[in-house]
Amino acid sequence: MIDVREVHWRRRLKELGAAAVSGGAPVTYGLIALCCAVFLVSPLSGFNPAYGSSPDALLAAQAGYFERWGVIPSELLDGSARAALTPLTALFVHGSWLHLLGNMLFLYVFGAMAEERMGRTEFTVFYLVCGYFALAAYAVVHADSDQTLVGASGAISAVLGAFLQLFPRARVTSLFPFLFFLPLRFPAWIVLVFWFVLQWLAAQNAGSGPGVAYLAHVAGFAAGFLYAWVRFRGTRVKAPATATEGDSQP
């Protein structure tokens with residue numbers, strides 16, 4: 001006997017994937033384009049002659065750029081309007097080519113289908129609010145830190161959390177170091193739970209100094225998963241299916 005509900009969810013997931021691939025996720029692709037554009041005109045890319053060409057000039061410009069647009073935990077809670085806006089501006093600032101490309105890859109893989117499921121307006125609000133929350137949560141825990149926090153990782157972690165709730169059995173291609181980086185396909189729930197556990201363990205040993213803000217990843221992922229669980233509870237895709245947006249790399 002054929003379960004009509006399973007057929008419905010299988011067809012629905014294929015429709016979401018096809019719509020995402022055909023350009024039905026303008027917010028996701030717009031966010032990627034915006035983050036790349038911001039990086040290219042920043043002093044981090046090395047392509048903007050306005051910041052000079054000498055190493056000392058570039059370093060000074062980069063430090064000032066981070067201080068202006070990034071989150072400084074010790075300043076976030078001081079009540080100033082400028083500091084309160086930095087968790088939003090920091091979402092579009094990245095510290096290196098590797099930082100940018102890694103984040104954009106995850107957003108490309110998981111963002112389009114999540115946007116198709118939520119809708120453009122809701123996905124936009126979800127991305128910005130969860131990203132703000134993730135960076136603010138890190139800042140509150142490390143309230144005395146003067147280290148600048150930048151990057152879209154918190155918001156993208158929220159997208160991963162939402163994807164886990166919405167499409168737990170969609171299959172994605174992943175590269176695991178302990179499997180010799182062989183490209184293997186796994187259900188999304190295995191990949192994303194593994195990724196979350198790594199972030200959680202890393203957050204336990206991370207301080208407030210320079211490095212990856214693992215706590216922001218954990219906070220964003222949890223916020224995204226809880227939002228999708230409350231908002232779409234009982235309506236997630238349950239049938240086995242294939243994600244159509246490329247490969248993920250935990």
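**Exercise 1. Find the glycine just after α6 and state its phi.**

Start at the end of helix α6, which covers residues 97-118. Just after α6 comes glycine 119, and its phi is positive, about 100 degrees. Keep in mind that you are looking at a predicted model.

**Exercise 2. Check whether the length of α6 agrees or disagrees with its number of residues.**

Step 1: count the residues; α6 has 22.
Step 2: take 1.5 Å a residue, which gives an expected span of 32 Å. The rule uses one less than the number of residues.
Step 3: compare this with the end C-alpha atoms, which lie 30 Å apart, so the two values agree.
Step 4: now look along the helix for a bend. A kink of about 40 degrees is centred on glycine 111 in α6.

**Exercise 3. Describe how α6 packs against α7.**

Here is the idea to begin with: a pair of packed helices is described by the angle and the distance between their axes.

Step 1: the axes of α6 and α7 (residues 120-141) come within 7 Å and cross at roughly 130 degrees. That angle makes α6 oblique to α7.
Step 2: the hand of this crossing is right-handed.
Step 3: find the residues that touch. From α6 come Leu107, Gly111, Ala114, Glu115 and Met118, and they meet Arg120, Glu122, Phe123, Phe126 and Tyr127 of α7.
Step 4: sort them by class. The contact of α6 with α7 has six nonpolar, one polar and three charged residues.

**Exercise 4. Do the same for α6 and α8.**

Step 1: helix α8 spans residues 153-166, and α6 packs with α8 at an angle of about 40 degrees, their axes 9 Å apart. The pair is therefore oblique.
Step 2: α6 and α8 cross in a left-handed way.
Step 3: among the α6 residues in this contact are His99, Phe110 and Gly111, while the α8 side includes Ile156, Leu160 and Phe163.
Step 4: by class, the contact of α6 with α8 has 13 nonpolar, four polar and one charged residues.

**Exercise 5. Which classes of residue make up the contact of α5 with α7?**

Step 1: α5 (residues 81-89) packs with α7 at about 115 degrees, with 8 Å between the axes. The crossing is right-handed.
Step 2: list the partners. Ala84, Pro87 and Leu88 of α5 meet Leu128, Tyr132 and Leu135 of α7.
Step 3: assign the classes. This contact has six nonpolar residues, no polar and no charged. Well done!

Conventions: Residues are numbered from 1 along each chain as its sequence is written. This is a predicted model: local features need pLDDT of at least 70, side-chain atom pairs count only at pLDDT 80 or more; totals for chains, interfaces and linings use all residues. Side-chain values use heavy atoms; hydrogens and water are left out. Axes are lines fitted to C-alpha atoms, for helices over the stretch in contact, and angles run from 0 to 180 degrees between N-to-C directions. Helices (H or I, at least four residues) and strands (E, at least two) are DSSP runs, numbered from the N terminus. Angles under 35 degrees count as roughly parallel, over 145 as roughly antiparallel, 65 to 115 as roughly perpendicular and the rest as oblique. A crossing is left-handed if the near helix is turned anticlockwise from the far one by less than a right angle, and right-handed if clockwise. Contact means heavy atoms within 4.5 Å. Ala, Val, Leu, Ile, Met, Phe, Trp, Tyr, Cys and Pro count as nonpolar, Asp, Glu, Lys and Arg as charged, and the others, Gly among them, as polar. The bend at a residue is the angle between axes fitted to the seven residues ending there and the seven starting there.
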